[in-house]
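Grab a coffee and open your favourite viewer. Here are some short exercises, each with a worked solution.

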Amino acid sequence: MRIPILSRFDPTSVAIILISLFALSACGGGGGSSPSANRPTVAPPSTPPAAPVESGPPYANFTAQDQDPDDFVSLVASAETEEYAGMGGLTLINASSAYARGATGEGVSVGVIDSGVYEEHYEFTAGSGDKISIAGSDYSDSTPRTDSAINHGTQVAAVIAANKNGDLGTGFKMHGVAYDADILTYEIPLGSSDGPYQPLDEDSVGFSDDNYFASRFTTMANQVDIVNMSFGFSGVVTSYSAPSVENAFSLLLDSLRQQNTPRSDRAIFVISTGNAWGDEDEFGVEVDATSPELFPGLPYLFPELQDHMLAVTAVDSSGEISFYANHCGVAAAFCLAAPGGGDANNDGNFDDDEVIWSAITPPEDAEEGRDYYGSAIGTSFAAPLVSGSLALLKQLFPTVGNHELVNRLLVSADKAGIYANSAIYGQGLLDLDAATRPVGGLNVATGASLDRGMQSAAQGNFTGGALGTSLAATLSGNHVALFDDLGFPFYQSATALVNSTATSALASGPALRHGSQQSINGTKISFGSAPDLWQQDARFNGNPNDRVQADYIALQFEDTQGVERFAGINANAGWFFGVYANSMVSPSSTDDDSSFAAPWLRFARQGWSSGGAIPLQGNRAKLRIGLFNGTGSWNKYQPVSEHQGNGAMVEYAFATSRSSLSIQTGLVREEETFLGTEIGSALGSIEQSKTLFTGINGHLQLSAQWQGVVAFYSGTTDSGLTNMGQLQLPDQITSSSWAMGFKSHSLWRDNDQLSLYLAQPLRIEGGRGQLQLATGRTLDRQVIYENIAFDLKPQGREQQLEINYHRPWKLAGRKAWLGAAAEYRHQPNHSALNSSQFEMRLTISMPADL
């Protein structure tokens, strides 16, 4: 095609010089170049020239994905600068989303087999430094290397990797798709594309011609992972047969097959489909350009090339197929579309925002300079957008095989709307937003290879329970690799594996509001309600801690012989034992309604409990036995699993007129959890954990007004971990809890109540585990793991301090209760990193009218 020159911009006069160059072709079409006349190739006619532009096209923002940081939208917007818009092709492929995710092309070298590159241009020497290297050159005295001769390759290279260098005072700004990448070029003289369309006659190809291309392809494939070729032979691929092409180009094909190179390391060849649409041959017959030309279509004839070759057709600024571009056709499986410019509004002109802008060489009759820019259209400039995009992926995913990078661009290409027509657009429009975020869901690797043992990321987490704090602290600073459906690694903090449901702040008011009634015959009924389920017609005696509702119910009956029977629905089984059984404390005494009960009983609280007691030693002692079954319960301090739990508890309790002491032991079984912790199946499998616990529980009457209350518990847990995956746990895990308190009655006035409680909730005290973290992958899709040993014991020790005071009061002539409470939590969730929390409450309550 006839390619126009964009002028050098003089920063003072901004003079524009337009000079037409000789015609070039891409893969047998306009917008690129064909090999020189010394090679057996022919180029098709040109397409119309485009005009210069002073600013790039408008652009749009893109929606942040779930896996992206909170500032993803602002990062995208910050990438969409005037320089970003300058080229005219980046907006349509959503390149700013890739930049927001850290892609720049840094560290990647892209091969360009083309006419050469004007390396002195600012776009190649400023910013990130000199970035052009030359692998070889075929210029000679008979075919001199002139500025005009290397212009096409300069344009192609700048589309790939022109620097992001801000305003250099040139009057024009643009950068390449992979602006931090380097270029390795092999210079081959390119010929004109003037004249009628003349397909290549493969029978005229000799050994020297075949060897010429084979040696250059091999030279580049040995040095870079991505090779761009915006030139080619005329002749649509469907006009040739595999045997005839094999006979003509056996060496060339072997160089492309790269059979002695592992599949993952084979260089990717990106080739423009050609610009033959609408061209005519020497007989005036229009070319059938519904498929690519020979070079880009080779994988159609030789399928073994498909996973490391890409054919690229062009779309205009509206996103529709460009009027000159060969369609994907029979190459649909390995073809995609990218911006190449065109007449988007069909007005017969090429407006400023309808072309691709790039660096060029100084025009022949212009002064020497490093700041010339030109505009052009053609599949020659669609291909380097794809090559640069591959460089971005290579930077982001350096341990992924090259054939997988090819597949990712094809799978992630936009296939909506018109792009569903694979005969035209192949696999769709290049989309760097989709290509740089996970394809499908994220998965946890559990096996040696990415090809088996993958499970959803949700199956690789720890949820709730007593383990979360210590594990989160150990994993802090580590990262885990999760893999999308294509096996590409995406890294996140390993602490994300721990879904801790424990609250980090004090909740206002008790989790349940409790009440109780006791009859003359010894029957005690206890009730509890959630704060938002108050029964407005409930009757109570005016004590601010007495409430009636149906969330739980506990019945306790003692006959005249001292024999007890008890049963509960959704009541902690520990409320029938120890200081709860003899009413030294009640669930309403502390904000955590079970501070003085064995903490493991929470794992079966939401269900039923039943049991009884028999008197011993003349009713001075009792032997209590209880059974319980249910799911885990939640409180505002330490949420636990809702899986099924069950067990039994035995207590020997004796009392005097001034004291009581209970010795307790019990067994708690948890289904599919241990200590309230649920693990994903990728980590292993828990059938049933068992905790054997012991404890003491009692009170002492210190004076007529003061009582002391205490409880200490210790447990040993067998985690029940089977089918160990990424997690290994010890055979025994020890844990503990304790609580103590003092309470008074009628201290300063009749019936006032003052209490002080100090408690430590359930905490793991001993045990070490090991977690196998996926930290990456190899080119052959093997998973890299790191084993991290961790102490189950958390770094901190949570302690809860409560001070409560209640006194009777008269309000508007009615009996009321005035209450004040203060709560302090030291190292919440047993984490030394968590800030202490403090809360104060004032309450006024009045009894309901009878």
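The exercises below work through this predicted model.

**Exercise 1. Check the span of helix 6 (residues 207-221) against the expected rise per residue.**

Solution. Start with the count: helix 6 has 15 residues. The expected span is 1.5 Å times one less than the number of residues, so helix 6 should cover 21 Å. Now compare: the end C-alpha atoms of helix 6 are 21 Å apart, which agrees. As a follow-up, look at burial: the buried residues of helix 6 include Tyr212, Phe213, Arg216, Phe217 and Met220.

**Exercise 2. Work out the strand order of the seven-stranded open sheet, and say which strands sit at its edges.**

Solution. Reading across, the order is 3-4-2-6-7-8-9, with parallel pairing. Strand 3 (132-137) and strand 9 (335-339) each pair on one side only, which makes them the edge strands. From one strand to the next, the twist averages 25 degrees. Zoom in on one edge: strand 3 pairs with strand 4 (residues 182-187) over five bridges, in the parallel sense. There, Ser133 stands opposite Leu184 of strand 4.

Next, add the helices. Helix 5 (residues 151-161) packs on the sheet and touches strand 2 (109-114), strand 4 and strand 6 (226-229). The direction of helix 5 makes about 160 degrees with that of strand 2. Helix 11 (residues 402-412) also packs on the sheet, touching strand 7 (268-272), strand 8 (309-315) and strand 9. With strand 8, the direction of helix 11 makes about 30 degrees.

**Exercise 3. Find which residues have the most contacts inside the largest nonpolar core.**

Solution. That core has 76 residues, and Leu90, Tyr99, Val386 and Leu390 have the most contacts inside it. Helix 10 (residues 379-396) gives the most to this core: nine residues. Take Leu390 and skip its neighbours within four places in sequence: its contacts include Ile226, Ile268, Val270, Leu310 and Leu405. A second, separate core has 54 residues, among them Leu467, Val498, Tyr552 and Phe576.

**Exercise 4. Ser746 and Arg781 have positive phi values without being glycine; is each one buried or partly exposed?**

Solution. First, the background: most residues other than glycine have a negative phi. Ser746 has a phi of about 55 degrees and lies in the loop between strand 32 (733-745) and strand 33 (753-766). Its relative accessible area is 22%, so Ser746 is partly exposed. For Arg781, phi is near 70 degrees, and the residue is in the loop between strand 34 (768-777) and strand 35 (783-791). Buried means under 20% relative accessible area, and Arg781 has 17%, so Arg781 is buried.

Key. Residues numbered from 1 in each chain as written. Predicted model: local features only at pLDDT ≥ 70, side-chain atom pairs only at ≥ 80, totals over all residues. Heavy atoms only, no water. Helix = DSSP H or I, 4+ residues; strand = E, 2+ residues; numbered from the N terminus. Buried < 20%, exposed > 50% of the residue type's maximum accessible area, 1.4 Å probe, protein only. Pairing = 2+ DSSP bridges. Axes fitted to C-alpha atoms, helices over the stretch in contact; angles between N-to-C directions. Contact = heavy atoms within 4.5 Å. Core = buried A, V, L, I, M, F, W, Y, C linked by side-chain atoms within 4.5 Å.
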